[in-house]
Amino acid sequence: TVAESHRLQGRGGWSRQEGSDNVSLLRDYLLPTLSSSPLLPFAMAKECASLKLHRSSVTCCAFSPQDDVLCSGSLDLTLMLWRLSDGWSHRLRGHSGWVTCCSFNRQGSLLASGSADETLRLWDVEKMLREEAEESDGEHSLLLKGYGGSIRCCSFNSSGRVLCSGSTDETVRIWRVKDGKCVKVLREHAGWVLCCCFSPSSASLLVSGAADGGVCIWDIKIPEPCLKHIKSKKSMRSLRSSEVTCCAFHPDGKVFCVGGEDKQLRLLRVEDGEVVELLRCQQSVTGCAFQPGGGRVLASVEGSSLFGGHLLRLWKLRGGEGEEEGGREGEG
């Protein structure tokens, strides 16, 4: 993949300046077990375990902040908790539809899950880890309901006391964790809400993206919570949807990124919603994440090779530089 170099430096620490092209691989930053042939799919990291207790496709997964606990959700209507140190696993039953999303709070004590059954559940992870049972049928969970559509995304705020979620009913809902009560319904999108996330630096600030291509910046502590609605600039000639499928905050909370069917990863300033960097990905972006230290941003991109699969593209932001470090195709 031909790489692009950028500078992200200036107002608020972020602005744009294009530089020279270069090519480099991810092998310097991920555990290398690369194929010698650039045409063949390759492993991006050495597999240390294969977890195969789900009976259908896995739709979501998340690591607990405790590092040793992993959660996965599936089309088999269940979630699995895995403790990697000793192989203990716990099946979570309770949803009557496909599990579509899962998220831990910052403390790792609670797990939120969303489903096509139009509900969310809050699971007491600490209690399940103490009891070490093999499965539970919802007894360790609090049911959150009120949606009129499938849940597509969920995220805890930095305090762990508030949860946001998005749905095919085109709303973002804000939930109080202690009792599962919906305290706000945010109506601004004109399409399915496909992604949402809270800022790591503010317990009340979040962003959401939708199938209509719009991105909203919200502050839930004020009466009119929508600070900015960044609408899609659709072209009548476009054959692809402009839907926003993923979003993520930079650890400093000043910038966030969004990606989707427009084949771009956009970095935007929180204060005004302005694009500070536009990273072209050639194919639809299916996921995005910042490195915990903030030095890099990663995008997963739909594959386009002879062998199918997906592509990972990595940009280095360290030291004010926004240089793409590489992209290779792998099995997906």
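This is a short tour of two nonpolar cores, a hairpin and an open sheet in a predicted model.

**Stop 1: the largest core.** Start with C257, L265, L267, F290, V297 and W315. These residues have the most contacts inside the largest nonpolar core, which has 18 residues. Now colour the strands around them. Those giving two or more residues to this core are β20 (244-249), β21 (255-260), β22 (264-269), β23 (275-280), β24 (285-290), β25 (296-302) and β26 (310-316).

**Stop 2: L265.** Stay in the core and select L265. What is L265 in contact with, leaving aside its neighbours within four places in sequence? The list includes C257, V258 and G259, then E277, L278 and L279. V285, C288, V297, A299 and W315 are also among the contacts.

**Stop 3: the β24-β25 hairpin.** Show β24 and β25 alone. They form a hairpin, with 5 residues between the two strands. Their pairing is antiparallel, over 5 bridges. Pick V285, and find its bridge partner V301 in β25. Then move to the turn, where G294 has a positive phi of about 85°.

**Stop 4: the open sheet.** Next, select β7, β8, β9 and β11. In that order, these 4 strands make an open sheet with antiparallel pairing. Which strands are at the edges? β7 (99-104) and β11 (141-145) are, each pairing on one side only. On average, neighbouring strands here are turned by 20° against each other, direction ignored.

Zoom in on β7 and β8 (residues 110-115). The two run antiparallel, joined by 5 bridges. Within this pair, C102 stands opposite S113 of β8.

**Last stop: another core.** Finish with V69, L79, W88 and M128. They are among the 16 residues of a second, separate core.

Conventions: Residues are numbered from 1 along each chain as its sequence is written. This is a predicted model: local features need pLDDT of at least 70, side-chain atom pairs count only at pLDDT 80 or more; totals for chains, interfaces and linings use all residues. Side-chain values use heavy atoms; hydrogens and water are left out. A nonpolar core is a set of buried Ala, Val, Leu, Ile, Met, Phe, Trp, Tyr and Cys residues joined through side-chain atoms within 4.5 Å. Buried means under 20% relative accessible area, exposed over 50%, partly exposed in between (1.4 Å probe, protein chains only). Contact means heavy atoms within 4.5 Å. Two strands pair if DSSP finds at least two bridges between them. Axes are lines fitted to C-alpha atoms, for helices over the stretch in contact, and angles run from 0 to 180 degrees between N-to-C directions.
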